Amino acid sequence: EGAESLEAARHAQIVVLTVPYAAQLDTARRLKPALDGKIFVDVTVPLVPPQVSRVQLPEEHSCVVKLQRELGTGVRVVSAFQNVSAVHLRNPHHRLDCDVLVCGDDAEAREQVVVLARAAGMVAWHAGALANSAAAEALTSVLIAINKRYKVAGAGIRITGVPAPDASSAT
């Protein structure tokens with residue numbers, strides 16, 4: 001069922017924000033009254049057109065860390081899905097053949113997002129503290145540059161050297 005964003009956030013246990021960087025803070029501020037105690041998954045990447053294939057991290061080094069400061073400690077911010085191609089996400093029949101980095105300071109919230117990603121068929125990895133989100137945010141511009149250079153729509157990442165976690169695993 002559909003609902004206005006604030007109303008939908010009030011009824012959700014996990015809220016996912018997928019807006020352009022320019023709209024991230026304003027959108028999150030509007031949702032803040034409904035986010036206390038909830039997991040807030042931010043997919044934002046600091047892309048600044050027209051140079052989207054160039055890393056442009058904010059002064060705070062991570063737009064998601066900046067968001068956590070804005071929302072306060074009562075909101076459990078987790079960073080994930082930045083490196084999954086929007087082209088692939090739009091197609092519900094496309095197999096998401098890439099890994100997902102999940103960052104967050106709240107280990108239990110991070111775990112819930114890892115489980116959510118795995119339930120959607122992705123390989124999800126605990127990538128540490130929310131500050132580590134800067135790497136995923138920067139990596140997205142690198143993937144866009146690869147997409148342009150090699151004329152593909154959805155380059156992704158794969159973690160190697162570690163046995164892939166089982167989709168049913170909760171570790």
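This presentation describes the sheet, the helices around it and two individual residues of the structure shown above.

The model is predicted, so local features need pLDDT of at least 70 and side-chain atom pairs count only at pLDDT 80 or more, while totals for chains, interfaces and linings use all residues. Residues are numbered from 1 along each chain as its sequence is written, and side-chain values use heavy atoms, with hydrogens and water left out.

Let me begin with the sheet. Helices (H or I, at least four residues) and strands (E, at least two) are DSSP runs, numbered from the N terminus. Five strands form an open sheet in the order β1-β2-β3-β4-β5, and the pairing is mixed. Two strands are taken as paired if DSSP finds at least two bridges between them. At the edges stand β1 (14-17) and β5 (123-126), each with a single partner strand, so one side of each has no neighbour in the sheet. On average, neighbouring strands are turned by 25° against each other, direction ignored; axes here are lines fitted to C-alpha atoms, for helices over the stretch in contact, and angles run from 0 to 180 degrees between N-to-C directions.

I now go through the pairs in sheet order. β1 and β2 run parallel and are joined by 4 bridges, with Leu17 opposite Asp42 in β2. Strand β2 (residues 39-42) and β3 are also parallel, again with 4 bridges, and Ile39 has Arg76 of β3 as its bridge partner. Which sense does the pairing of β3 and β4 take? These two strands pair in the antiparallel sense, over 2 bridges, and Val78 is partnered by Gly104 in β4. Finally, β4 and β5 run parallel with 4 bridges, and Val102 stands opposite His126 in β5.

Two connections deserve mention. β1, helix α2 (residues 21-31) and β2 make a right-handed β-α-β unit, and β2, α3 and β3 make a right-handed unit of this kind as well. Right-handed means that, with the strands pointing away from the viewer, the path from the first strand over the helix to the second runs clockwise.

Next, burial. A residue is buried under 20% relative accessible area, exposed over 50%, and partly exposed in between (1.4 Å probe, protein chains only). Edge strand β1 has a covered face, formed by Val15 and Leu17, and an uncovered one with Ile14 and Val16. In α2, the buried residues are Gln24, Leu25, Thr27, Ala28 and Leu31. They pack against α1 (5-11), β1, β2 and α3, where contact means heavy atoms within 4.5 Å.

Helix α5 (residues 107-119) has 13 residues, which at 1.5 Å a residue should span 18 Å; its end C-alpha atoms are 18 Å apart, in agreement. The expected span is 1.5 Å times one less than the number of residues. At the N-terminal end of α5, Asp106 acts as a cap, with a side-chain oxygen 3.1 Å from the backbone nitrogen of Glu108. Buried in α5 are Ala109, Arg110, Glu111, Val113, Val114, Ala117 and Arg118, and their cover includes β2, β3, β4 and β5. After this helix comes Gly121, with a positive phi near 95°.

Helix α6 (residues 133-150) has 18 residues, and its end C-alpha atoms are 26 Å apart, which agrees with the expected 26 Å. Its buried residues include Ser133, Ala134, Ala136 and Glu137. The buried residues of α6 pack against α3 (63-71), β3 (76-79) and β4 (99-104). Lys151 follows α6 and has a positive phi, near 55°.

I close with two residues. Is Ser79, in strand β3, buried or exposed? Ser79 is buried, because its relative accessible area is 1%. Its side chain makes a polar contact of 2.6 Å with that of Ser133; such a contact is a pair of N or O atoms within 3.5 Å, where within protein one must be able to donate a hydrogen and the other to accept it, and residues adjacent in sequence count only if both atoms are side-chain atoms. Leaving aside residues up to four places away in sequence, Ser79 touches Asp42, Val64, Leu101, Val102, Cys103, Leu130 and Ser133.

Gly154 lies in the segment after α6 and counts as partly exposed, because its relative accessibility is 25%. With residues up to four places away again not counted, Gly154 touches Ser85, His88 and Asn147.
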